[in-house]
Amino acid sequence: MNPYSELVKEVKAFVEELGRRLNIDLSNVPITRAQPRFGYISVPLHNVAREFKDLDKIVKEIAENFNFRYLNPPEYVNGFLNFDIEPRNYSKLVIDAVLSLGESYGRPEKPMEGLYLIEHTSANPLHPLHLGHGRNAILGDTLARLLKFCGANVRTHFYLDDCGDQVSYAALGFSLVRDLVYERIRSGRKPDHVIGIVYAVTCTVAEIQKLSRELEKLKDTSPDKYREVIAERDDLVAALAELEQKDKELVLKLIDELRKIPDIESEVKKITRLYEEGDENVKRLVREMINLVIKGFEETLTRLGITFDSWDWESEITIYSGKVYEVLRRLIERAFPYIERVGNVIVFRADKYAADMDLWDKLKLPRHLPKVTLTRSDGTTLYITRDLAYAVWCFEKFNPTLLIRVIAAEQQHPQAQIRTMLYAMGYVDWAQRLVHYAYELVNIPGVKMSGRRGRYVALDDLVDEAKRRVMSMISDRFSDPKELEKVSEAVAVGAIRYSLLSVSPNKPILFKWDKVLNLKQNSGPFIQYTYVRAKSILEKAGVLQVLSYSVPETLGPEEVELVKYIGEVPEIIQNAARDLRPDYVVEHVNKIALAFNSFYEKYPVIHAEEPYRGFRLALVLSVKRVLENVMNILGIPVLERM
RNA sequence: GGCCCCGUAGCUCAGCCCGGAUAGAGCGGCGGCCUCCUAAGCCGUAGGUCCCGGGUUCAAAUCCCGGCGGGGCCGCCA
């Protein structure tokens, strides 16, 4: 049930009748939203108006015999045909729809079909999730909630990148200070935070070691370059000092142990190689470390209301299974003329292929596409090759309608290359069903974020800080400290989710505490607060459901506005699902909250006379229902009190 | 150099896909509202060359072309 579309149907019927009368085809005229002072729905007829001078008269004539249900007869002004709702009938339609459909109000009449596989977050398991991962995770999770609400089957996957040197740095460091790490975890520290320090220290010390060797050579030969490298090394030493602030004992011990290794980098490469070969000891070590980090991830994600159906280990899916080699073979076979070899290095000329096949529009490729290096000179595969194998695996195993991968916009080239390679392998259909859901990064003013240096704002810290602020604000309202804690956490999560969702994904976010922790209008807490207000009225009135009510003769403008917004909800949700734009929903729920609060100030509900009381209770119940449905889509916790 | 994204009020952003009337929110300013359903609220007010220049159109923030400014990507890293 979609109330707004009922209005559109009625407008279309009227316009159709007009077309018949004028003997022209009006089936393609746009139906637009009117500016408020001109009604609700507006049909621009300027082209028609030039030919027919007496349009207003004809409109009037048709209106006299037209069977209006939810609309008033239109007015013809300035070349626009303007319609407004008939408030009583339309209110009844909207409120009845919400009350009868309940938790499914807002769902498209024709539910979405098919399976949507959403891969998101997929942070490297070496450090805690930070702000950027937060945007990714919240976008991915909300997309999943949105599509699920619309009736689709949805699977969420975390692609766990456990191959590559970065993992080996963390694993090497971990092996050197294993006991201290466990000690920290036992005393309550989050494992991903502890590993984050270990990883950063190991990387940094390794780089210092490398630079120091370089310096030996440069000392006498190139003084300019020498100074440059010194500066670079000083920066690394500074990063190490920063890390020491976080856990002195752990950092110093690790540095000490690392000093005993003459060449850290080659030690790391060795671990990477052995891991890919499936060496049991190395595998045990690496996975022990990764599993600790995953535990930390899950804790953070659970706080934010995010869960996964599957954790996909890159090593298992692409390497141990042999999939990546299989995929490579197929690509070479099918796209042979576009394969170049230099020694063991295999290159796919994606640029040439896309141009020859004219794939630009078909696969939505950027006009410039770099060629793809698929293997190293030692024959091992690269990340993108395994990524391609992963995409193939997803399609073979689950055959999703769409494979939506939430990945930063900076990866648009590799993602476009993967679509091109799927196409070249003969997977034409899959190539078109692979969606790179791109989002811009979150930046902190003045800070260059870097996992390798341990410079980031962890998502946990963000939630904690938000929670602290909320707690200090409401501590006097709750006598039970447990409830205070629970409410504060929920408000913090609502604030963060809302703020990261309210900006369209293709805009970079400049992170500011005050913006993310906005607790006023246009925020998560504002929505939560509005829900609590509605709930509170109903509770005080002793009304759990409204069985019957009648619509008063006249309605206030705030009441009409609310009805209109509520009636638009299914339309908004449908569009959001179609365009994969959760921010449409965010914007709309804010409108509903604003309208409800205006209504709340102006009209008494409990102490109103009948029929106002009954009608307003039904309206409040509808608002509460809609807010609840939408908050569930957005993952904003629903509170009963705050 | 090539490609992608962005440029709208002092600040953060909707609106652009699919062109319609006097361009919208929030924050921050300023001025008001708690004997009454939670003031995380409400009401009022100020604030704009929609980056610039052309073009298409009855009509352009929106579409097309050309600039300017900012971010990102163009690796035998991930």
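Is Tyr549 buried or exposed? I began with this residue in the predicted model, and I noted that Tyr549 has a relative accessibility of 13% and therefore counts as buried.

I then looked up the aromatic contacts as a whole, and the count came to 24 aromatic pairs. The pair I opened next was Phe158 with Trp311, where the ring centres are 4.4 Å apart and the planes stand at 20°, so I entered the pair as stacked. I checked where the two partners sit: Phe158 belongs to strand β6 (residues 153-160) and Trp311 to strand β7 (residues 310-313), so that I recorded a link between distant parts of the chain, 153 residues apart. For accessibility, I wrote down that Phe158 is buried at 0%, whereas Trp311 is partly exposed with a relative accessible area of 22%.

I returned to Tyr549 through its ring pair with Phe615, in which the centres lie 6.4 Å apart and the planes are at 45°, so the pair is tilted. This pair also links distant parts of the chain, with Tyr549 in the loop between α22 (524-541) and α23 (557-579), Phe615 in helix α25 (residues 612-634), and their positions 66 residues apart. Phe615, at 0% relative accessibility, counts as buried.

Beyond pairs, I noted one aromatic cluster formed by Phe14, Phe66, Phe68 and Phe83.

Last, I looked up charges over rings. I found Arg405 over the face of Tyr159, at 5.7 Å from the ring centre, and I also entered Arg533, which lies over the face of Tyr600 at 3.8 Å from the ring centre.

Conventions: Residues numbered from 1 in each chain as written. Chains lettered and ligands numbered in written order. Predicted model: local features only at pLDDT ≥ 70, side-chain atom pairs only at ≥ 80, totals over all residues. Heavy atoms only, no water. Phe/Tyr/Trp six-rings, centres within 6.5 Å; stacked < 30°, edge-to-face > 60°. Helix = DSSP H or I, 4+ residues; strand = E, 2+ residues; numbered from the N terminus. Buried < 20%, exposed > 50% of the residue type's maximum accessible area, 1.4 Å probe, protein only. Lys NZ or Arg CZ within 6 Å of the ring centre and 35° of its normal.
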